[in-house]
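Q: Please take a close look at the strands of this model and how they pair. Then follow the charged side chains and the helices as far as the model allows.

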Amino acid sequence: MSDLLTQAQTDFAQAVLAGLSQRQKVIPARFFYDRRGSELFEQITAQPEYYPTRTETALLREHSADILRLAGEGRVVVEFGSGSSAKTPLLLKAVRPPIYIPIDISDAYLAEAAQATAKAHPKLRVVPIAGDFTMPLYLGGVIGDAPRLGFFPGSTIGNFGPPAAVDLLRSFAATLGTDSRLVIGIDLRKDPRVIEVAYDDAAGVTAAFNLNLLHRINRELGGTIDVDTFEHRAEWNDGLGRIEMHLVARQDVAFDIAGRRFAMREGETIHTENSYKYRIEEAAILARASGWEPMAVWTDLDRLFSLHVWATAKERIEP
Ligand code: AVJ
C-alpha cells in the first residue's frame, strides 16, 4: 500500500507535533478550517452573540457608494483568504471590477467558490490563486499593471499579533503595489463580556468549532484523543487586547498522534486561537506602520466593528 500525503497534511502534522511539544501547548488557528471546521465557522457567523459578520455586512452595504468613490472604477479586486465569504458579492456589486482574484490556501474550496462567483457574475473574469496569502505574490503576469483593490474582511487580521499584522499588511502592500486601495474589516475593543460571549455562544457552535480541531487530528493524523476529555474556553486577555481560545483538559489525559505520545494534566490547555481587538486609533497606527495611509473608516452605532479604506503611496517610496 502507498499513501500520498499532500503538502497541507504534512504542514498540519508538523505544526501539531511541534505545537504540542511546547510548554504551553499551541495549535495555530489556521488549522480550524477543514471541511467541517469551515461549516462550523459559517454557523458561528449566524449566532446571535457573534456580532462581527452581521455588523461588517451592514457596513459594506451602507457604504458601498463611498467605497466606489474612494476606490474608483475599474480596479482589479484581490481578496486575501477568500474562503466562502458571503461579503464578496457585496464588494463586487459595489465596485464592479473587470477581474476578481481570490487567494486561498485551501484549493478545494477555492475552485468551487470561484466557479460559483463566475456563474453569478457572467461578465467578471475570476482568476483564483491557490496559495499562502501571508507571502507577497506577483500579480503582473495575470493583470499587468492594472490598478488594484485589496479586500480583507472579517477581522482575519485579528488572528495576527501586532508585529505579524504589520508584516502581513506590508506584504499586501507589496503584492498590490503603488496607488492601490485596501478595504479591511477590523474588530474593535469593547466590553469584554460582549467579546467573551461572541466566542462562547449559548448554542455551543464555537465550542464545537474549537473541539473539531481534536477530531481533525484524530481523522488526519491517526490521533487517539478522547475528545470528550476536553472542553472549550474563551478568555479575554486585557493586557494583550485579545480574546484567546483554549482546549482545556478536564482530567489528566494521554494520547498518541502520528506515533508520538503526549500527556496533559487536568486543567492544562492547548491554546488554539488569538483574536486581537483594536481601537480605531490603533488601526490607523497599524496602517501607517505597514505602508498604508488611512482614507476612510466607518463603524456601527454601537462601535462594535470597523470598516476601513486605506491607500498605498502614489509613487514608489524608496525603502
Ligand atoms: C475568522 C479569525 C475572524 O476571530 O472572530 C470565530 C474566527 N473564532 N469564532 C474571529 C473565530 C471563533 C474569527 N476570524
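A: The answer below starts with the strands and then turns to the helices and the charged side chains.

The model is a predicted one. Strand β2 covers residues 76-80, and five of its five residues are buried, so β2 is largely enclosed by the rest of the structure. The side chains of β2 point two ways: V76, V78 and F80 go to one side, while V77 and E79 go to the other. Residues on both sides are buried, which for E79 means a relative accessible area under 20%.

β2 has parallel pairing with β6 and with β3. Strand β6 (residues 148-152) is joined to β2 by four bridges, and the two run parallel. In that pairing, V76 of β2 has R148 of β6 as its bridge partner. Strand β3 (residues 99-104) is likewise joined to β2 by four bridges, again in parallel. Here E79 is matched with P102 of β3.

Another set of strands forms an open sheet. Its four members stand in the order β1-β12-β9-β8, and the pairing is mixed. The edges are held by β1 (25-26) and β8 (230-237); each has a single partner strand, so one side of each is left without a neighbour in the sheet. For β8, the pairing with strand β9 (residues 242-249) is antiparallel and extends over eight bridges. Within this pairing, A234 has M245 in β9 as its bridge partner.

Strands β10 and β11 form a hairpin with two residues between the strands. β10 spans residues 253-257 and β11 spans residues 260-264. They pair in the antiparallel sense over five bridges, and one bridge partner pair is I257 with R260 in β11. In this hairpin A258 takes a positive phi near 45°. The two faces of β10 are unlike in cover: V253, F255 and I257 make up the covered face, whereas A254 and D256 make up the uncovered one.

A salt bridge involves the loops on either side of this hairpin. D252 and R265 form it, with their closest N and O atoms 3.1 Å apart. This pair links distant parts of the chain, 13 residues apart: D252 is in the loop between β9 and β10, and R265 is in the loop between β11 and β12 (269-276). D252 counts as partly exposed at 45% relative accessibility, and R265 is exposed, with a relative accessible area of 58%.

The wider set of charged contacts comes next. Over the whole structure, a search finds 20 salt bridges. Side chains of opposite charge can pair when their charged atoms come close. One of the bridges joins the side chains of D66 and R69, with an N to O distance of 3.2 Å. Both belong to helix α4 (residues 64-71), and because they are three residues apart there, they are separated by about one helical turn. D66 is partly exposed, with a relative accessible area of 22%, and R69 is exposed, with a value of 58%.

The bridge between D187 and K190 has an N to O distance of 3.0 Å. What is the accessibility of D187, buried or exposed? D187 counts as buried, at 0% relative accessibility. K190 counts as buried too, at 14%; the cut-off for buried is under 20%, so the value for K190 falls within it. Among the salt bridges there is also a network, which links D179, R181 and K314.

Helix α3 supplies two further residues to look at. This helix takes in residues 51-62, and R61 lies in it. R61 is exposed, with a relative accessible area of 54%. Together with K93, R96 and K123, R61 forms a positive surface patch. P52 is also placed in helix α3, but P52 is buried, with a relative accessible area of 4%. P52 and S306 are 254 residues apart along the chain, and their C-alpha atoms are separated by 9.3 Å.

To return to the strands, β2 is the one described as largely enclosed, because five of its five residues are buried. β1 and β8, by contrast, stand at the edges of their open sheet, each with a single partner strand.

How values were computed
Residues are numbered from 1 along each chain as its sequence is written. This is a predicted model: local features need pLDDT of at least 70, side-chain atom pairs count only at pLDDT 80 or more; totals for chains, interfaces and linings use all residues. Side-chain values use heavy atoms; hydrogens and water are left out. Patches are made of residues with over 30% relative accessible area and no salt bridge: like charges are joined within 9 Å, nonpolar side chains (Val, Leu, Ile, Met, Phe, Trp, Tyr) within 5 Å. Accessible areas come from the Shrake-Rupley method with a 1.4 Å probe; for residues, only the protein chains shown count as cover. A salt bridge is a side-chain nitrogen of Lys or Arg within 4 Å of a carboxyl oxygen of Asp or Glu. Lys and Arg count as positive and Asp and Glu as negative; His and the chain ends are not counted. The place of a charge is taken as NZ of Lys, CZ of Arg, CG of Asp or CD of Glu. Buried means under 20% relative accessible area, exposed over 50%, partly exposed in between (1.4 Å probe, protein chains only). Two strands pair if DSSP finds at least two bridges between them.
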